[in-house]
Amino acid sequence: MPRQLGELEDAVMTRVWEWNRPVTVREVLEDLQQERSIAYTTVMTVMDNLHQKGWVRREVDGRAYRYTAVSTRAAYSAALMNEAWSRSDNPAAALVAFFGMMSAEQREALRDAMRIVLPALPGDAAGAGPDASPEGGEAADDAEPDAGR
C-alpha cells in the first residue's frame, strides 16, 4: 500500500499530475519557485526519490530526465482511503463517520460514483442501480455471501 506523500513530494507530484505530460526538474523547479525558495538539487532529489518509489517513470532527454506519473492522483487518493479504511477495527463505523464529514458536493460525487461502479441488476427497471428498492431485485442486506456454494 502506498505511503502518504510528504509535503514536497506532493507539491512535485501535483505538478506532474496536473501537467499530464513528461516534465523536467527545471520545469518543476521554476514553478515551485513561484511559491517558495528552493534549490535545483532539492527538486532533483525529490524527483529521483519519487522515481525510486515507483511514483514516476523517467526517460533520458539529452542531459536531463523527463518524468511522467505512473498513476493518477485519483488512484493515489483511492489507495490512501482504502489503506485507512482497512486499518479500522470497525470498517462500517469508519465509513459512517467518513460520510458524516462529507460536504453536500462530496456526497453527490459519491452518489455519482456509485451509479458508475454498481451495475444495474437484472430485472431492475431502466437500470435503477443502487437506489432501487428491494422489490426491484436488490439483494437482502442479511443474505449470506457464500450461500449456495
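**Reading the criteria against a predicted model**

Modeller: There are six helices and two strands in the chain, and the model is a predicted one.

Biologist: In what order do the elements of the chain run from the N terminus on?

Modeller: The order is α-α-α-β-β-α-α-α.

Biologist: What makes strand 1 and strand 2 a pair?

Modeller: A pair needs at least two bridges between the strands. Strand 1 (residues 56–61) and strand 2 (residues 64–69) are joined over six bridges, in the antiparallel sense, so the criterion of at least two is met. Among the bridge partners, V56 stands opposite A69, and R57 has T68 as its partner in strand 2.

Biologist: How many residues lie between the two strands of the hairpin, and which residue in the turn has a positive phi?

Modeller: Two residues lie between strand 1 and strand 2, and G62 in the turn has a positive phi of about 70°.

Biologist: Which residue other than glycine has a positive phi, and what is the value?

Modeller: N20 has a phi near 50°. This residue lies in the loop between helix 1 (7–19) and helix 2 (25–32).

Biologist: Why is N20 called exposed?

Modeller: The relative accessible area of N20 is 68%, and exposed means over 50%; N20 is therefore classed as exposed.

Biologist: Why does V16 count as buried?

Modeller: Buried means under 20% relative accessible area. V16, whose place is in helix 1, has 2% relative accessibility and therefore counts as buried. From V16 to V28 the C-alpha to C-alpha distance is 8.1 Å, with the two residues 12 apart in sequence. In the chain of 149 residues, buried residues make up 21%.

Biologist: How do you know that F98 and F99 form an aromatic pair, and what makes the pair tilted?

Modeller: By the ring-centre rule, the count comes to four aromatic pairs. F98 and F99 form one that lies 6.2 Å centre to centre, with 50° between the planes. The cut-off for a pair is 6.5 Å, planes under 30 degrees apart count as stacked and planes over 60 as edge-to-face. The values of F98 and F99 therefore give a pair, and a tilted one.

Biologist: Why are F98 and F99 described as partly exposed?

Modeller: The class lies between the limits of 20% and 50%. F98 has 37% relative accessibility and so counts as partly exposed; F99, at 35%, is therefore partly exposed as well.

Biologist: Which residues form one aromatic cluster?

Modeller: The cluster consists of W17, W55 and Y76.

Biologist: How do you know that R58 lies over the face of Y65?

Modeller: R58 is placed 4.1 Å from the ring centre of Y65, and the distance limit is 6 Å, with a further limit of 35 degrees from the ring normal. R58 is assigned to the face of Y65.

Biologist: How much space lies in the largest pocket, and which elements give two or more residues to its lining?

Modeller: The space in the largest pocket is about 370 Å³. Helix 4 (73–86) and helix 5 (91–101) are the elements that give two or more residues to the lining. Helix 4 supplies the largest share, six residues. The lining residues include W85, F98, F99 and L110.

Biologist: What is the make-up of the lining of the largest pocket by class?

Modeller: The lining has 10 nonpolar residues, one polar and no charged residues. N82 is among the lining residues, and Asn belongs to the polar class because that class takes in the residues listed neither as nonpolar nor as charged.

Conventions
Residues are numbered from 1 along each chain as its sequence is written. This is a predicted model: local features need pLDDT of at least 70, side-chain atom pairs count only at pLDDT 80 or more; totals for chains, interfaces and linings use all residues. Side-chain values use heavy atoms; hydrogens and water are left out. Rings of Phe, Tyr and Trp (its six-membered ring) pair if their centres lie within 6.5 Å; planes under 30 degrees apart count as stacked, over 60 as edge-to-face and the rest as tilted. Buried means under 20% relative accessible area, exposed over 50%, partly exposed in between (1.4 Å probe, protein chains only). On a 1 Å grid over the protein atoms alone, a cavity is a set of points where a 1.4 Å probe fits but cannot get out, and a pocket is an open set with protein on both sides within 12 Å along at least five of seven lines; lining residues have an atom within 4 Å of a point. Grid points are joined across faces, edges and corners, and a volume is the space filled by probe spheres set on the points. Helices (H or I, at least four residues) and strands (E, at least two) are DSSP runs, numbered from the N terminus.
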